[in-house]
Amino acid sequence: MINSKDIINVVLADLIEKYPFLDSYFNDNDLDISNYMQNTLTEFFSHFDEEEKEDKAFDEEQTLKNLVEYTNQMIEFLGIEEDGNTINSITIVSGTNKSGDEEKFAELKIHKSEIVCIVGPTGSGKSRLLADIEWTAQKDTPTKRSIKINDEKPDMKWRFSSSNKLVAQLSQNMNFVMDLTVMEFLTLHAKSRLIENVDDLVSKIIDAANNLAGEKFDLDTPITSLSGGQSRALMIADTAILSSSPIILIDEIENAGIDRKKALALLVGEEKIVLMATHDPILALMGDRRIVIKNGGIDKVIETTDEERKMLVELEKMDNVIQNLRSKLRGGDILNKNMIKEK
Amino acid sequence: MNLITVSGPPSSGKTSVILKTIDSMKTRGLKVGVVKFDCLSTDDDILYEKAGIPVRKGLSGALCPDHYFVSNIEEVTEWGLSNGFDVLITESAGLCNRCSPYIKDIKAICVIDNLSGINTPKKIGPMLKTADIVVITKGDIVSQAEREVFSSKVNTVNPGAIIMNINGLTGQGAYELSTLLYDEEKHVTDLKGKQLRFSMPAALCSYCLGETRIGESYQMGNVRKIDMEKK
């Protein structure tokens, strides 16, 4: 922990050498220090006259307080990375449904690299379950559930830290909105996570995304112009490899343009806990277990049966037939009955 | 009564976030009222009324909405107290990026949305930088990566704030926010002598000259009052 006395009389060039992340801090706060690198922080602050301070809405005390806070957060954050802040399991301890009845399970423990599906009609309480996990509920939410991490009561940092969110989300409705190319976008994301070997990581994500989408990425394409399948593939690859969150919630991934089996394998391979809200039989049966939600509570936890696993093989064959017809249509072919017979 | 000031750029989802949060507060038996500040016109009062929440609105017209807000916050507080609210929420649109609507010792929330662009946190002044809680909305329609980058940008300009993601449509996150808002110890009885966290953008009244104290005796020049009797 540092305090303001430690930094106010340090020359800016030295300060930035010691804490490189402060470079982007000054930039993001619209403070141009380029002509003051050989001055101290105090000298830099005092070069603003009253009018300039007023126009820029600059408050010395506030800025210094934030600078110290930010530096301490970063020191702590970088420290955490070294310690290996790993999550091996989360446990949901039962609460009640909307009517106040107890949920019909005691504890549900989910390990990393495990896929658990969530099924139930719209409005049944899927969002609440997710919110409970994200908030690391301690019997203090409407469901009275509690969440344990690595079998222990979790650190409260999960609730409020902006850089250590527990749950990352991927859904059908998500789009890219930034005006950046694929390359710029991935670099920006990596930098925001203070990753050191940005280039290696970016190429790893591109390889993974190419593997999912089938269509090759052009790194200079604006992310807003990617095809549906490419966007989805990039989002999944980026979330798997670059997101800090150990738990990933997937809200229905569509079939178009990406290989969903590979997508799940990628997430699981990166040691994520995957929760998937889906009613698609192929996806649902890929899970090890599925949680059935009714009336705001967990009604059942079903293990995928052997018979279901065998059915999955059949379902995948059916899916292949449809995929095949889809690509024939795309290629301008005429369909015939033989195409739906199993090969 | 707890007083909470909510502010944020237009259409960032302030009303949705407040409505969902009040839902959760009501289940805990809290009586909540809202005063909505806007510039030319607003229909948000109808939304609050529909939800059964006592509401008043104040339109600043040609005045800077921030100045109008601070000139009226005392009367607004009195209205809340006389109605016996446990919590009074003021909602004001931040119409310029230099807005500075927060009061020292009064909980301040800034609502900002993921669609507003990656450089927006840098562009917004005291409204974002001095808030206690920053609520980020519309996370359901942008990618995970953009959410992470956006919240890291917010963290850089206001590292001390609690940053929360709330979905204004489903209310995901609003329950959690509601738990941070009501404080048994933090009752407001009077705003006299309290100060703004930061001076407001200049216009043509005593606050333009740097006045930060609240109270009628400090108000000179172009001051307009809400009619609290009028619904």
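**Exercise 1. State how far apart the centres of domain 1 and domain 2 of chain A lie, and where these domains run.**

Solution. The centres of domain 1 of chain A and domain 2 of chain A, taken over C-alpha atoms, are separated by 35 Å. The model is a predicted one. In the domain assignment of chain A, domain 1 covers 4-83, domain 2 covers 89-304 and domain 3 covers 307-343.

**Exercise 2. Describe chain A by its secondary structure, extent, burial and contacts.**

Solution. Step 1: count the elements; chain A holds 14 helices and nine strands. Step 2: take the extent; the C-alpha trace of chain A spans about 80 × 55 × 35 Å along its principal axes. Step 3: turn to burial; of the 343 residues in chain A, 31% are buried. Step 4: look at sequence separation; among contacts in chain A with a separation of 6 or more, 69% are between residues 24 or more positions apart.

**Exercise 3. Decide whether the radius of gyration of chain B agrees or disagrees with that of a compact globule.**

Solution. Step 1: for 231 residues, a compact globule would have a radius of gyration near 17 Å. Step 2: chain B has 17 Å, so the value agrees with the globule. Step 3: add the box; the C-alpha atoms of chain B fill roughly 50 × 40 × 35 Å along the principal axes. Step 4: add burial; 56% of the 231 residues of chain B count as buried. Step 5: add the contacts; in chain B, 70% of those with a separation of 6 or more join residues 24 or more positions apart.

**Exercise 4. Write the order of helices and strands in chain B.**

Solution. Chain B has seven helices and seven strands. Along the sequence they follow the pattern β-α-β-α-β-α-β-β-α-α-β-α-β-α.

**Exercise 5. Classify the packing of helix H1 (residues 14-27) of chain B against helix H7 (residues 174-181) of chain B.**

Solution. Step 1: the two axes come within 8 Å and cross at roughly 70 degrees. Step 2: angles of 65 to 115 degrees count as roughly perpendicular, and H1(B) and H7(B) are therefore roughly perpendicular to each other. Step 3: list the residues; H1(B) contributes B:Val17, B:Lys20, B:Thr21, B:Ser24 and B:Met25, while H7(B) contributes B:Ala174, B:Tyr175, B:Leu177 and B:Ser178. Step 4: sort by class; this contact of H1(B) with H7(B) has five nonpolar, three polar and one charged residues.

**Exercise 6. Identify which helix of chain A gives the most residues to the side that touches chain B.**

Solution. Step 1: the contact takes 38 residues from chain A and 35 residues from chain B. Step 2: on the side of chain A, elements supplying at least two residues each include helix H3 (22-28), helix H6 (60-83), strand S5 (167-171) and helix H11 (228-242). Step 3: H6(A) gives the most, with five residues. Step 4: by class, this side of chain A has 16 nonpolar, 16 polar and six charged residues.

**Exercise 7. Locate A:Asn295 and B:Ser11, and say whether each is buried, partly exposed or exposed.**

Solution. Step 1: A:Asn295 is not a glycine, yet has a positive phi of about 50 degrees. A:Asn295 sits in the loop between strand S8 (289-294) and strand S9 (297-303) of chain A. Step 2: with 14 other C-beta atoms within 10 Å, A:Asn295 is partly exposed. Step 3: B:Ser11, also not a glycine, has a positive phi of about 60 degrees. B:Ser11 sits in the loop between strand S1 (2-8) and H1 of chain B. Step 4: B:Ser11 has 13 other C-beta atoms within 10 Å and is partly exposed.

Technical notes: Residues numbered from 1 in each chain as written. Chains lettered and ligands numbered in written order. Predicted model: local features only at pLDDT ≥ 70, side-chain atom pairs only at ≥ 80, totals over all residues. Axes fitted to C-alpha atoms, helices over the stretch in contact; angles between N-to-C directions. Helix = DSSP H or I, 4+ residues; strand = E, 2+ residues; numbered from the N terminus. Parallel < 35°, antiparallel > 145°, perpendicular 65-115°, else oblique. Contact = placed C-beta atoms within 7 Å. Nonpolar A, V, L, I, M, F, W, Y, C, P; charged D, E, K, R; others polar. Domains from an automatic or database assignment. Rg over C-alpha atoms; globule rule 2.2 N^0.38 Å. Buried ≥ 20, exposed ≤ 12 C-beta atoms within 10 Å, placed from the backbone.
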